[in-house]
Number of protein chains: 2
Amino acid sequence: MEWLKEPEKHFPPHETLKHFNDGVCVTYIQEKAGLSQSTISIYLTNMEKCGLLISTRHGKWSYLKRNEETIKQFTDFIT
Amino acid sequence: MEWLKEPEKHFPPHETLKHFNDGVCVTYIQEKAGLSQSTISIYLTNMEKCGLLISTRHGKWSYLKRNEETIKQFTDFIT
DNA sequence: TTCATATATCGAGATATGTCAATATATTTG
DNA sequence: CAAATATATTGACATATCTCGATATATGAA
């Protein structure tokens with residue numbers, strides 16, 4: 001969640017997509033997290049189901065970005 | 001944590017102590033939570049160790065109240 | 001000091017979570 | 001379509017968490 005606040009500061013630019021409008025692809029997150037591909041895939045899928053992330057497919061890549069609306073609801077609740 | 005924000009609204013006054021300055025005794029929390037005595041005791045002890053609660057002994061009772069300072073640090077971090 | 005009450009600790013079983021390797025599926029490219 | 005790459009799903013095991021009953025400890029009262 002922290003990394004995805006400022007993707008350009010934490011991830012390399014993607015070879016295909018030149019922007020971070022839809023976030024970062026699974027592989028980049030996986031490599032940075034240092035966990036296995038399957039683990040990260042499950043985590044990201046779950047976080048999307050929870051509403052914390054938004055997933056967008058571009059070709060063979062899935063891009064993940066923060067779902068600020070739900071995140072705010074959550075932080076409001078915690079606060 | 002929610003209940004302890006306004007103890008007087010969620011718990012009966014204590015037979016001995018007439019105020020809520022140090023929070024609420026374990027038994028009251030246990031009854032309201034509907035979990036066993038041992039479970040609640042462990043939870044409250046852990047929450048105190050985490051810094052979320054402050055425990056004060058008065059005679060044979062332990063009173064628990066929120067540790068607002070640490071709670072704020074936590075909510076700030078989450079936010 | 002003994003009893004009653006409040007709380008803490010221990011031991012245990014069920015369920016959940018963290019994590020992986022292996023395999024399956026999707027998608028682009030030659 | 002076949003190969004290559006990206007992602008998803010499955011099955012499994014280790015560890016953590018939830019929760020309890022039983023027991024131990026602390027403390028005030030008789």
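Select B:Gly59 to begin, in the hairpin that strands E2 and E3 of chain B form with two residues between them, and look at its backbone, where phi is positive and near 60°. The model is a predicted one, in which local features need pLDDT of at least 70 and side-chain atom pairs count only at pLDDT 80 or more, while totals for chains, interfaces and linings use all residues. Residues are numbered from 1 along each chain as its sequence is written, and chains are lettered from A and ligands numbered from 1 in the order in which they are written. The names of elements follow DSSP runs, numbered from the N terminus, with helices (H or I) of at least four residues and strands (E) of at least two.

**The sheet of chain B**

From the hairpin, extend the selection to the two strands themselves: E2(B) and E3(B) run antiparallel and are joined by six bridges, where two strands count as paired if DSSP finds at least two bridges between them. Two of the facing positions can be picked out by name, since B:Leu53 has B:Arg66 in E3(B) as its bridge partner, and B:Ile54 stands opposite B:Lys65 in E3(B). Strands of a sheet pair through backbone hydrogen bonds, either parallel or antiparallel.

Now show the whole sheet of chain B, which is open, has three strands in the order E1-E3-E2, and pairs in the antiparallel sense. Strand E1 (24-25) and strand E2 (53-58) of chain B are at the edges with a single partner strand each, so one side of each has no neighbour in the sheet. Add H4(B), which packs on this sheet and touches E2 and E3 of chain B, its direction making about 120° with that of E2(B); contact here is taken to mean C-beta atoms, placed from the backbone, within 7 Å of each other, and the angle, on a scale from 0 to 180 degrees, is between N-to-C directions of lines fitted to C-alpha atoms, for helices over the stretch in contact.

**Chain A as a whole**

Move to chain A, which contains four helices and three strands, arranged along the sequence in the pattern α-β-α-α-β-β-α. Its radius of gyration is 13 Å, close to the 12 Å that the globule rule gives for 79 residues, so chain A is as compact as a globular protein of that length; the radius is taken over C-alpha atoms, and the rule is 2.2 Å times the number of residues to the power 0.38. Turned along its principal axes, the C-alpha trace of chain A spans about 40 × 25 × 20 Å.

**The sheet of chain A**

The sheet of chain A is an open one of three strands, in the order E1-E3-E2, with antiparallel pairing, and its edge strands are E1 and E2, each of which pairs on one side only. Strand E1 (residues 24-25) of chain A pairs with E3(A) over two bridges, and within that pair A:Val24 has A:Leu64 as its bridge partner. On the E2(A) side, where six bridges join strand E2 (residues 53-58) to E3(A), A:Leu53 is partnered by A:Arg66 and A:Ser55 stands opposite A:Leu64. In the hairpin of these two strands, A:Gly59 takes a positive phi near 60°.

**A glycine in a loop**

Select A:Gly23 next, in the loop between helix H1 (7-10) and E1 of chain A. A:Gly23 is buried, with 21 other C-beta atoms within 10 Å, the scale being 20 or more for buried, 12 or fewer for exposed and partly exposed in between, with C-beta atoms placed from the backbone. Leaving out residues up to four places away in sequence, A:Gly23 touches A:Leu4, A:Pro7, A:Tyr63, A:Leu64 and A:Lys65.

**The two DNA strands**

Finally, show DNA strand C, where A:Ser36, A:Ser38, A:Gly59, B:Thr27 and B:Ser38 come nearest among the 20 residues around it; a residue counts as near if its C-beta atom, placed from the backbone, lies within 6 Å. H4(B) gives the most to this surface, with six residues. By class, the surface near DNA strand C has seven nonpolar, 10 polar and three charged residues, where Ala, Val, Leu, Ile, Met, Phe, Trp, Tyr, Cys and Pro count as nonpolar, Asp, Glu, Lys and Arg as charged, and the others, Gly among them, as polar.

Around DNA strand D there are 20 residues, of which A:Thr27, A:Ser38, B:Ser36, B:Ser38 and B:Gly59 come nearest. Here the largest share of the surface, six residues, comes from H3(A).

Key:
Two residues are in contact if their C-beta atoms, placed from the backbone, lie within 7 Å.
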